[in-house]
Amino acid sequence: MGTAVAGTQSVERALSLLAYFTDEHPERRIAELVELTGLGQSTVSRLVSALEALGYLARDERSGLHRLGPRLISLAGVALNQSPVHRAARQVAQNLAHETGLGANVAERHGDQLFYLCHFEGPRAPRSFTLTGRLAPLHATALGKALLCGRRAEDVRALLGEEYPAFTGRTLTRLDALLDALDEVGARGYATEVEELALGRACLAAPVRDRSGEVVAALSVSGSLSALDLPEREAELARRAIEYADQISTGLGYLH
């Protein structure tokens, strides 16, 4: 094996180790990584030591467990700061969370999922963790439906297929139901989600457009069913979400 090929393989293996650190498993032992990767103990130990030295992993001296390191947070900050949508949306979303007291989220579409670019909590929608950087399904979220609005049926089919996983009894699981929901989003200018991804949770989202008029992101307000109180507040929250999404669109050069 040539030096260049061996070097590339080492990089691929090292980066693959990082993917095994998740919300469900934020800490790992080297023995776990050996089992998960199928690599030898000495190889995994060497890769982990290199990642630790570079700050991509950190080791708890008491438990011996490894977790993701501070260098990754620095790189994530660089990536977010280079995002035009993040720069245009951050203050707007923060204002929306403050004024409504709810959670405010901004997301882009990455393939067949959405990616949270920023997230702020209001006092009526507290969370002990950040959504930023997380992925979520398009078909089961208001943000996802806002991101898909305006797309042709054949494009939605090519992207998501015709059947989707159910997260609750209210999840849209078929293409025809999703297309009906997207038509409704296009007609009224916003999407709703009521216990489609998680029981007891609701969300309302509006699309964000770039200079060309293409939907490139979405802005939402979210929280518990009682906090959003959509039967009483839907019109008010829709007006706010659309207004604030339009502010982001304007920042991206869209002329309404």
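This talk walks through one predicted model, beginning with its sheet and going on to a helix, two pockets and two arginines.

Let me start with the sheet, in which 6 strands are arranged in the order E6-E5-E4-E9-E8-E7, with antiparallel pairing, and which is open. At the edges stand strand E6, residues 135–137, and strand E7, residues 191–194, and each of these has a single partner strand, so one side of each is left without a neighbour in the sheet. If you look along the sheet, neighbouring strands are turned against each other by 30° on average, with direction ignored.

I would like to stay for a moment with strand E5, which covers residues 113–120 and is joined to E6 by 3 bridges, the two strands running antiparallel. One pair to look for here is Phe115 with its bridge partner in E6, Leu135. With strand E4, residues 103–110, E5 also pairs in the antiparallel sense, this time over 7 bridges, and here His110 stands opposite Gln113 of E5. E4 and E5 form a hairpin with 2 residues between the strands, and in that hairpin Gly111 takes a positive phi near 65°. Is E5 mostly covered or mostly open? It is mostly covered, since 7 of the 8 residues of E5 are buried.

Turning to the other half of the strand order, helix H10, residues 230–251, lies across E7, strand E8 (201–209) and strand E9 (215–224), and the helix runs at about 30° to E8. Within helix H10 you will find Arg240, and with a relative accessibility of 18%, which is under the 20% limit, this arginine counts as buried. What does Arg240 touch, once its neighbours within four places in sequence are left aside? Arg240 is then in contact with Leu96, Glu99 and Thr100.

A second arginine can be set beside that one, namely Arg29, which lies in the loop between strand E1 (27–28) and helix H2 (30–37). The relative accessibility of Arg29 is 43%, and on that value Arg29 counts as partly exposed. Not counting residues up to four places away in sequence, Arg29 touches Ser63 and Leu65. To give you a sense of distance, the C-alpha atoms of Arg29 and Thr130 are separated by 25 Å, and these two residues are 101 places apart along the chain.

Let me now come to the pockets, of which the largest holds about 770 Å³ of space. Its lining is made of 18 residues, and those that lie nearest the centre of this largest pocket are Leu68, Ala76, Thr132, Gly133 and Arg134. Which element gives the most to this lining? That is helix H4, residues 70–81, which contributes 5 residues to the lining of the largest pocket. By class, the residues of this lining divide into 10 nonpolar, 5 polar and 3 charged.

The second largest pocket has a volume of about 290 Å³, and of the 19 residues that line this second pocket, Tyr116, Arg127, Leu131, Glu193 and Leu197 are the closest to its centre. Two or more residues of the lining come from each of E6, E8 and E9, strands that we have already met in the sheet. The lining of the second largest pocket has 10 nonpolar, 5 polar and 4 charged residues.

Note on methods:
Residues numbered from 1 in each chain as written. Predicted model: local features only at pLDDT ≥ 70, side-chain atom pairs only at ≥ 80, totals over all residues. Heavy atoms only, no water. Pairing = 2+ DSSP bridges. Helix = DSSP H or I, 4+ residues; strand = E, 2+ residues; numbered from the N terminus. Axes fitted to C-alpha atoms, helices over the stretch in contact; angles between N-to-C directions. Contact = heavy atoms within 4.5 Å. 1 Å grid on protein atoms, 1.4 Å probe; cavity = no way out; pocket = protein on both sides within 12 Å on 5 of 7 lines; lining within 4 Å. Points joined across faces, edges and corners; volume = space filled by probe spheres on them. Nonpolar A, V, L, I, M, F, W, Y, C, P; charged D, E, K, R; others polar. Buried < 20%, exposed > 50% of the residue type's maximum accessible area, 1.4 Å probe, protein only.
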